[in-house]
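Me: I'd like to learn how to read a fold from its coordinates. Can you take me through it, one feature at a time?

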Amino acid sequence: VFGLHAQRNLHLMERAQTLSHLSARLLEQLTALFRQERPDLILVQGDTTSVFAASLAAFYEGIAVGHVEAGLRTQDKRNPFPEELNRRVTSLVADLHFAPTQQARENLLREQVDSRRIYVTGNTVIDALQAIRGPARERALREFPFLANGHRTILVTAHRRENHGAPLERICRAVALLVQEHPEIRVIWPVHPNPQVCRPVYDLLHGRERVHLLPALSYTSFIGVLDLCALVLTDSGGVQEEAPALGRPTLVLRDTTERPEGVMSGTVKLVGTEVETIIGETSHLLSDEYAYRQMSLAACPYGDGRAAERIVAAIRNHWGLDRAQPEAFCATSATLAMA
């Protein structure tokens with residue numbers, strides 16, 4: 001999508017592999033790669049197992065680590081699992097911390113991270129979103145013409161490990177009841193390929209009228225659908241940033257979030273996974289135009305499209321290549337959602 005191509009593929013993905021197995025393979029292969037390439041710095045982004053393993057492998061090899069999207073916390077090491085722990089371990093290892101928001105910076109300061117190594121940059125998620133929005137809308141309309149036919153579309157995503165099993169089944173039942181109670185809506189659900197996700201989703205929702213279960217979408221198609229939908233039900237972290245930037249009210253299918261800024265700004269609401277709560281909160285937004293507008297017009301607190309510029313400037317400044325101090329992202333000066 002962005003004209004970038006991977007130069008190395010470690011071929012690590014295996015069906016149903018455990019976190020410990022994946023972590024061990026990542027450490028071995030990344031260590032070998034780092035010894036061969038000898039980089040001065042590695043950049044890791046987010047909270048995945050590969051972020052944790054790459055940071056640890058770099059630390060063992062004496063290589064500096066820059067963490068993009070640093071400082072997000074729920075303060076519950078098991079929720080989200082294993083992402084919260086991945087972030088905390090990466091923060092212990094990282095030499096440069098690129099915090100997307102002031103709140104993330106404050107989290108790092110409370111953990112005794114040196115303030116001189118923290119840069120508030122906004123999030124690269126918003127950079128990518130702004131770059132792809134136009135083509136994404138066009139592609140989504142070609143692929144899913146019903147997005148323009150007058151139905152209000154709800155986008156659903158759910159995949160987190162803590163929602164596997166009974167919570168995911170409750171989410172499915174809530175979606176089925178919403179479609180039954182609101183004949184004016186459609187649901188589009190790109191289903192994660194993990195068998196623990198796709199099996200219950202297809203068992204409970206396949207064949208339902210106005211419920212479109214799709215294979216995982218490309219990034220471009222997904223952003224287009226997100227931009228064209230009416231509202232979002234999700235347990236994703238990234239979508240909690242993307243949807244507010246597009247002015248899409250977002251109900252988060254979790255009890256905690258590492259992105260409280262969206263909740264505080266009013267664009268995001270935590271609703272958990274209980275059927276009655278999901279139906280009640282969604283129906284409220286579908287029927288109350290004022291409540292819907294309040295959520296859709298709130299400011300996006302996660303970036304202004306210049307995070308990458310600030311990260312580059314911070315790296316140059318830290319290593320003495322440029323004396324200019326990088327400008328910090330300030331959410332209070334961010335524009336309203338791009339919608």
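Me: In which sense do strand β6 and β7 pair, and over how many bridges?
Reply: Quick note before we start: this is a predicted model. As a general idea, strands of a sheet pair through backbone hydrogen bonds, either parallel or antiparallel. Here strand β6 (residues 185-190) runs parallel to β7, and the pair is held over four bridges. For a spot to click on, take I188, whose bridge partner in β7 is H212.

Me: What is the strand order of the open sheet of six strands?
Reply: Go across it and you read β7-β6-β5-β8-β9-β10, with parallel pairing. The edges are β7 (211-214) and β10 (268-270); each has a single partner strand, so one side of each is left without a neighbour in the sheet. From one strand to the next, the twist averages 20°.

Me: Which strands does helix α8 touch?
Reply: Helix α8 (residues 219-228) packs on that sheet and touches β5 (152-157), β6 and β8 (231-234). Its direction makes about 135° with that of β5.

Me: How about two helices against each other? At what angle do α6 and α7 pack?
Reply: For a helix pair, look at the angle, the axis distance, the handedness and then the residues that meet. Helix α6 (residues 166-181) and helix α7 (residues 195-205) pack at about 30°, with axes 10 Å apart. The crossing of these two is right-handed. On the α6 side you'll find L168, E169, C172, V175 and A176, meeting Q196, V197, P200, V201, L204 and L205 of α7. By class, that contact has nine nonpolar residues, one polar and one charged.

Me: Now the inside. How many residues are in the largest nonpolar core?
Reply: That core has 34 residues, and those with the most contacts inside it are I154, W189, V201, L205, L233 and I278. The elements giving two or more residues to it are β5, α6, β6, α7, β7, β8, α11 and α12 (289-296). Helix α6 provides the largest share, eight residues. Apart from this core lies another one, of 25 residues, including A136, L147, F222 and C229.

Me: Let me zoom in on one of those. Is I278 buried or exposed?
Reply: Compare the relative accessible area with the cut-off: under 20% is buried. I278 comes out at 1%, so it's buried. This residue sits in helix α11 (residues 275-287). Leaving out residues up to four places away in sequence, I278 touches I171, A174, L178, L233, L253, V271, G272 and T273. Sequence distance can be a poor guide here: I278 and R170 are 108 residues apart along the chain, yet their C-alpha atoms are 9.3 Å apart.

Me: And which residues does L233 contact, leaving aside neighbours within four places in sequence?
Reply: The list is I154, L155, V156, T157, L178, L251, L253, I278 and T282.

Me: What does a residue on the other side of the scale look like? Is M264 buried or exposed?
Reply: Over 50% is the cut-off for exposed. M264 is at 59% relative accessibility, so it counts as exposed. You'll find M264 in helix α10 (residues 260-265).

Me: Back to sheets. What is the strand order in the open sheet of four strands?
Reply: The order is β1-β2-β3-β4, with parallel pairing. At the edges stand β1 (41-45) and β4 (118-120), each with a single partner strand, so one side of each has no neighbour in the sheet. Strand β3 (residues 96-99) pairs with β4 over three parallel bridges, and F98 stands opposite Y119 in β4. Helix α13 (residues 307-318) packs on this sheet, touching β1, β2 (64-68), β3 and β4. The direction of α13 makes about 155° with that of β3.

Me: Last one: backbone oddities. Which peptide bonds are cis?
Reply: Most residues other than glycine have a negative phi, and most peptide bonds are trans. In this model, the bond from N79 to P80 is cis, with omega near 0°. Another cis bond joins F81 and P82. P80 lies in the loop between β2 and α3 (83-93), and P82 is found in the loop between β2 and α3 as well.

Me: Where does H11 lie, and what is its phi?
Reply: H11 lies in the segment before α1 (19-37), and its phi is near 50°, a positive value in a residue other than glycine. R38, in the loop between α1 and β1, has a positive phi near 45°. At 44% relative accessibility, R38 counts as partly exposed.

How values were computed:
Residues numbered from 1 in each chain as written. Predicted model: local features only at pLDDT ≥ 70, side-chain atom pairs only at ≥ 80, totals over all residues. Heavy atoms only, no water. Buried < 20%, exposed > 50% of the residue type's maximum accessible area, 1.4 Å probe, protein only. Contact = heavy atoms within 4.5 Å. Axes fitted to C-alpha atoms, helices over the stretch in contact; angles between N-to-C directions. Left-handed = near helix turned anticlockwise from the far one by under 90°. Nonpolar A, V, L, I, M, F, W, Y, C, P; charged D, E, K, R; others polar. Pairing = 2+ DSSP bridges. Core = buried A, V, L, I, M, F, W, Y, C linked by side-chain atoms within 4.5 Å.
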